[in-house]
Structure formats: structure tokens, C-alpha cells
Amino acid sequence: MANNLSSIIGMMNMTDPGYAIASTINSTADNLTTTLPPSASVTQVYQVVGQITYTYLGPIICAMGMLFNIINFAVLMQHQLKESPYTYLTGLAMVDFSALTLSFIYMVFSHKTIGKYWKYYDAYIFLPIVNVCVTSSVWIIVLLTIERFLFVRHPLWAKAKCDRASAKVKILGIVGLAVVFNIPRFLLFKVHEPRPGIWALEHTEFRRSDDFFGINWVYSITVQILPLIILLFANTYLVYAVMRARKQREQLQIRNNKEATWYRDQVRLTITLISIVCLFIVCILPSAFSDFPIAYFFFGRGIPVKEFRTSNFYLILQYIANVLVWCNLSLNFVLYCAFNEKFRRVMRHMIKRWLKLSCIKQSYRPFKVSFNINGITRNNSSQTNSLTQQTKCSMSMGGQEILKMDKVDHSISQTTALFDKSEAEN
């Protein structure tokens, strides 16, 4: 039992393959009268799946997701993206990055070690805080969808109430509630030393109790089932709103460039949100069924709890759900680039500005040109002065170009609703 991390951690359901092997042996011994040990060929299936997931596939997905979320955060912090939906997406990038970072550290380091402090990391940092991040990520998406729904249904009221400052307060409120909501997850494991020099995790009495089984149902409903229902309903309406907006635009025959840009930005922003929600539904739905209370309710009837918890079907379902959750946390950047032209435009301007600044810094390197006459070294001041003047000119020209780029997109006002203005006035 070198790596005995056994955990169904809400959305992530992280089960350590090393622990899975040991717990299979233990549960078989406990239920020797009713069950037979799984055959070696079958047991190797989830071992191979677990090895591929936690050694190769998981770290690659998490590393790419961390990079994508860093780019997301850098772009979304630009002043051109000052509307409230982009504030929610900034918070989403932060919690997704945190979850992916903790998962990457677990798979690359703590998952493979038997040290005491790494087990403390597993029990009191990785397991509970990943759940906090994933819970926050889910409800930030839900809150963003509800706000966009209100913009479509009640545009004037939503425009007055849903601003960037209120979005920041709501994000902080969600994270705070997620921390309180996941406090029981800090009480699931304790670190012990089964053999000298080998540290492992052990279930607490609370983890084995019926109380936690009931709390797990609350987690499943609050973090998976309820958000999925809300998002399915709101997303369906948003798809209808986008189709209606396109028809209205064709009927009104808008030719004003500013008005046309406004319509395009609203439609693209809504389509971006729809794509995020669709990705969330596709990736989280299997995770909902892999959560232990729901999985046992649907697939474990007539099977002892210990046997089902260590069965090949349940463990492989967890591995698949983990990969899908990591993809959900990682692929928002791809969706932004695919569906949001404004995001792409701001990212291009940001990259150009960084390249200009790096070129200016590279060209501004103070140096002296000297020559030797009769053993005396003298500075060529005329050459130095001319180079300094040239550098100043290049800096001023580069600064003007940067200011010109910063002025782009200032004409786009704060986010307004995807609706027909004539309907709002009525």
C-alpha cells in the first residue's frame, strides 16, 4: 500500500491505482464467502487504464490547460475586455488554473511518493482544495449563464444591475461559499505510518459513516445535477435567442457599422457562452454518473458496497470522468479563439505590444565605443551620441504605435443585451 490514495472527491473522483489494487485485495478478503477475486486479466484492465491516465494523459492535459489558462488570464485582463461577462471568464480562468496545477502536482509528484509531507498534501491540500476550485468553476459558469439569460430576457434591468463590480463580488461570494461547502472534505483522511518509512492515507470514521454518504448525495445534487438542469434550460433559450437575433438583424437590414458591430459582438459573446456550456455538459455528465452515490444507485444494485467501490467498471468510469473533467478545465481557450473574434483581436494586439516592448528593450542597451591611441583608451562620443539619439527615436516611435494600438476597441461600449431595442422600449 505504498500509494494508497483512495478518494471520490466530488467532481474529480481521484482514485489512486496503487490503492485500488490493495483495496481490491482487502475487500475480497472481507467478502470471501460471497465473492471471488477478479481474474488477473480483468484486473490488469483498470491498472493499465490508471497507469496511462495518471502517468501520461493526465499530466499532458493539465500542463496544456495551465498554459491555456495563463494566456486566458493575460488576455482577459486587458482593458478592452471590460464587460462583466469577461470578468466572470477571468475568475473562471483562475479557479481552473488552480485545479489543474494541484492535479498536475499530484500526478507528477505526490502520486508516486510515499513521503509523509506529500501525504499531508494529498489529504489536506489537494483533495479539499481541488473540490473548492471545481465547485467554484461550476457555479461561475452557472452564474454567467444566468446573467446572460437575464440580459436577453430583461435587458434594461440587467444592464443597470449586472456590471463589472458586482461580478467581482459574486465571484468572491461563490469561492467563499465553495470553501464552506467543502469543509467536510478536510475531514476524510488521516496520515499514518503502516510500516517504518512508508506513509499512507487512512479513512477516518467520518469518511466511513452514513452521514458522509448523505453529504455525498448533497454534493452530487448541488455540484452536478442542479447545475446541469439550469444550464440545459438556459442554454436552450440562449440558442433560440441567437437565432432570433440573426433574423431580426436581417429584417431590420442594419447598415450602420457601429450597430452592426454591436450585434456581431453580442451574438459572438453569446455563442462563446453556449460553447462553454456545451463543453461543460459533455464533460461533466459522465462525472455525475461516476460519483459514488449516483453510480451505486444506478449500477450497483444487489452488489455489496465494498465490492462495487473496487470493481473494474467503477474504477475505469472514474478514470474516464477524470480525463473529461481535465479537458473541461483546459479547453476554454480553444473555444474563445474559435468563437470570439474580439478575444482573438485583443490577443493579437497584446502579443504585438509585447513584441514591440521586447524589441525596444533589446535595442536600448547602453554601451561605449572606444579605441586605443598610444596606449590611451578614449570614447567615441559622437558615435555614442548618435546611437543614443537613434535609440530615443525608435523608443518614441514604438511608444506612439503602442498608444495607437491601445486606442483600438475603445469605441465598443460596456456589454449590453442581445435583444431588439424596440422591444426593450416597449
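**Close-up 1. Helices α13 and α14 pack at an angle of about 100° in this predicted model.** Here α13 covers residues 332-339 and α14 covers residues 341-363, and their axes sit 5 Å apart. Angles of 65 to 115 degrees count as roughly perpendicular, so that's the label for α13 against α14. On the α13 side, look for Phe 333, Tyr 336, Cys 337, Ala 338 and Phe 339. Their partners from α14 are Glu 341, Phe 343, Arg 344 and Met 347. Sort the residues of this contact by class and you get seven nonpolar, two charged and no polar ones.

**Close-up 2. Helix α3 meets helix α12 at a slant, with axes that cross at roughly 135°.** This view takes in residues 84-108 (α3) and residues 312-330 (α12), whose axes come within 9 Å. The two helices are therefore oblique to each other. As for handedness, α3 passes α12 in a left-handed crossing. From α3, the residues to pick out are Asp 96, Ala 99, Leu 100, Ser 103 and Met 107. They meet Trp 326, Leu 329 and Ser 330 of α12. By class, that contact comes out as five nonpolar residues, two polar and one charged.

**Close-up 3. Helix α3 also packs against α4, this time at about 160°.** The axes of α3 and α4 are 9 Å apart. Over 145 degrees counts as roughly antiparallel, so α3 and α4 are roughly antiparallel to each other. Their crossing is left-handed. The class tally for the contact of α3 with α4 is 22 nonpolar, six polar and four charged residues.

**Close-up 4. The second largest cavity holds about 50 Å³ of space.** Searching the whole structure turns up four cavities of 30 Å³ or more; this view is about the second largest. Its lining is made of Pro 85, Leu 89, Leu 144, Arg 148, Leu 269, Thr 272, Leu 273 and Ile 276. Which helices each supply at least two residues of that lining? They are α3, α4 (116-153) and α9 (257-290). The most comes from α9, which gives four residues to the lining. By class, the lining residues of the second largest cavity split into six nonpolar, one polar and one charged.

Note on methods. Residues are numbered from 1 along each chain as its sequence is written. This is a predicted model: local features need pLDDT of at least 70, side-chain atom pairs count only at pLDDT 80 or more; totals for chains, interfaces and linings use all residues. Side-chain values use heavy atoms; hydrogens and water are left out. Axes are lines fitted to C-alpha atoms, for helices over the stretch in contact, and angles run from 0 to 180 degrees between N-to-C directions. Angles under 35 degrees count as roughly parallel, over 145 as roughly antiparallel, 65 to 115 as roughly perpendicular and the rest as oblique. A crossing is left-handed if the near helix is turned anticlockwise from the far one by less than a right angle, and right-handed if clockwise. Contact means heavy atoms within 4.5 Å. Ala, Val, Leu, Ile, Met, Phe, Trp, Tyr, Cys and Pro count as nonpolar, Asp, Glu, Lys and Arg as charged, and the others, Gly among them, as polar. On a 1 Å grid over the protein atoms alone, a cavity is a set of points where a 1.4 Å probe fits but cannot get out, and a pocket is an open set with protein on both sides within 12 Å along at least five of seven lines; lining residues have an atom within 4 Å of a point. Grid points are joined across faces, edges and corners, and a volume is the space filled by probe spheres set on the points.
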